[in-house]
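Reader: I am new to this structure and would like to be walked through it. Could we look at it together, one part at a time?

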Amino acid sequence: MADILFTARIRDKFSEWRDGLLQEQSRSDQIQGSRKDSKQQFQLIFFKTHPALKLDGFTSRQLKLIQLVIKKHFKDLSYINVNEVSGSQQIVVYTDSEDELNLLLKEVKEENHRAKEVKIQAAVGFRHVIDLLSSEQKLIVGHNCFLDIAHVYSKFIGPLPGTPEKFVASVNKCFPHIVDTKILMNTNSMLQERMKKSRKSLASAFSMFCPQIAAGSKSTELVTPSQVKVTVEVDDSRSSSWNPGGKHEAGYDAFMTGCIFAQLCSDLGVDFKLHESSKQLAFNEKLQKYINHLYLSYLHGDIIDLNTGYTVENSSPSYNLKRRYQQILFENIVIIWGFPSNLKASEVRECLSKVFGLTSVVSVYHLDATAVFVQFNKTQLVSDFLLLKESLERSNGPISVLHPLGKLLEGGNTCAANYDAYKEICGSPLSETLFADQAKAVGMKWKTKLVEYKESLRSGEHENPTIEENVNDAAMSL
């Protein structure tokens, strides 16, 4: 009933106004009754030289009813939604002919489209900078920047591809020229000799190659002919606090990276005067072999070429981290969680080594306070460990208590699985801070997920004694 009464009132209001226009009467007299409305819902205006009523204070449902009334009863009135800076505005416009109406609607549509584009461009924000860097093919300079590039890609370009190969191909399309200062320092023998045993962190490299800037001087002079002069410009609000204390602040880290790159180029004999832009600098023959090379895994020295997507081999003349750290083999990894909170990584290694041998455990790494990664030296030990754990928990006798793994299984809450299960748990849309809480939130009901060992048992490929023999032998040794 309320809708019926409202539509009747609105129809009369528009009829009165439209009839006054047709009779060339005073529009102010005709609309005077509307202006006395306590809510001031109608305002007489001219919209692009056409008489119009601006609608205010109506609900969305009432506006829909107004549209229906105009469409059904008034061929010379049109309901128009106009996008303005302050928001959308609803207007009822009078036109003399259908051609005039079509022309008006086309003009409004184009203006609305432009207004939406302005809002979108305003909302895009920093994405404009990323697009400009990409379109201009600027040389992107970073320090150990593979993860930084990944963040930029995911935040401003699109979802991260599933493999490193697909990722580097996509990155190369957006940023065809990237140079990593850490690559320069580690793969050039001359720079390595200068660094000697110094740390390769950003702050250490900054202090080494740009000592006067690192000391806090705003304008550096050429202390030696080999040093690059850098003039620092800061606004008044920050000039008083400009000092090296800004480490790990994004802007200052970028500044340090740029200074290091400029000095490294100078040390390599790159003449900046020959290059009018950073794009030209990317094609300098002395930098070419370093362009688009990033550390895929710094611990293992793996360098990936963004041009090809392949790993670059033997690119570090004296880089020895590969010898210090074993290669990560996901098929050799188990994830263990829910164990006693006071258990250290060394104690976890000791428990496992007593059962599977002193060299069986390659590494133990704490994911967080509730979980550890354990990498065995053989893939078979993953299934052997999971099966032994399940057997001990199932027996629940004195042997399981005295077993070397008893310390790890104490409390009865210890869970374990292979790396695929870890990816499954972390792949859930649910997100918890601690891995144990994450596994619980995902709804994992099992304590030990056995995957590989069944196939091994059927094929007779077990290199170790049976689980029963392992349990008995361990008990006898105690």
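Author: Let us begin with a helix and a sheet, bearing in mind that this is a predicted model. Helix H4, residues 98-124, lies across strands E1, E2, E3 and E4, and runs at about 20° to E3.

Reader: How many residues does H4 have, and what distance does it reach from its first C-alpha to its last?

Author: H4 has 27 residues and reaches 39 Å between those two atoms, close to the 39 Å expected at 1.5 Å a residue.

Reader: Which residues of H4 are buried?

Author: Leu-101, Leu-104, Val-108, Asn-112 and Ala-115 are buried. The buried residues of this helix pack against E1, E2, E3 and E4.

Reader: Why would residues spaced like that point the same way?

Author: An α-helix has 3.6 residues a turn, so residues three or four places apart point the same way.

Reader: And what is found at the ends of H4?

Author: At the N-terminal end, Ser-97 acts as a cap, with a side-chain oxygen 3.2 Å from the backbone nitrogen of Glu-100. After the helix comes Gly-125, which has a positive phi, near 65°.

Reader: Turning to the sheet, what is the order of its strands?

Author: The order is E1-E2-E4-E3, in an open sheet of four strands with antiparallel pairing. Strand E1 (42-47) and strand E3 (77-84) are the edge strands, each pairing on one side only. From one strand to the next, the twist averages 35°.

Reader: How many bridges join E2 and E4?

Author: Strand E2, residues 50-55, and strand E4, residues 87-94, pair over four bridges in the antiparallel sense. Lys-54 stands opposite Ile-91 in E4.

Reader: Which strands does helix H3 lie across?

Author: Helix H3, residues 60-73, lies across E2, E3 and E4, at about 140° to E3.

Reader: Now for the largest nonpolar core: which of its residues touch the most other members?

Author: Among its 31 residues, those are Leu-184, Phe-206, Phe-209, Phe-261 and Leu-287. Helices H8 (181-187), H9 (189-195), H10 (202-209), H11 (211-214) and H13 (250-267) each give two or more residues to this core. H13 gives the most, with seven residues.

Reader: What does Leu-287 touch, leaving out residues up to four places away in sequence?

Author: Leu-287 touches Leu-184, Phe-261, Cys-265, Leu-268, Val-270 and Leu-281. Another core, of 24 residues, lies apart from the largest one, and includes Cys-351, Leu-352, Val-382 and Phe-385.

Key. Residues are numbered from 1 along each chain as its sequence is written. This is a predicted model: local features need pLDDT of at least 70, side-chain atom pairs count only at pLDDT 80 or more; totals for chains, interfaces and linings use all residues. Side-chain values use heavy atoms; hydrogens and water are left out. A nonpolar core is a set of buried Ala, Val, Leu, Ile, Met, Phe, Trp, Tyr and Cys residues joined through side-chain atoms within 4.5 Å. Buried means under 20% relative accessible area, exposed over 50%, partly exposed in between (1.4 Å probe, protein chains only). Contact means heavy atoms within 4.5 Å. Two strands pair if DSSP finds at least two bridges between them. Axes are lines fitted to C-alpha atoms, for helices over the stretch in contact, and angles run from 0 to 180 degrees between N-to-C directions. The expected span of a helix is 1.5 Å times one less than its number of residues. A polar contact is a pair of N or O atoms within 3.5 Å; within protein, one must be able to donate a hydrogen and the other to accept it, and residues adjacent in sequence count only if both atoms are side-chain atoms.
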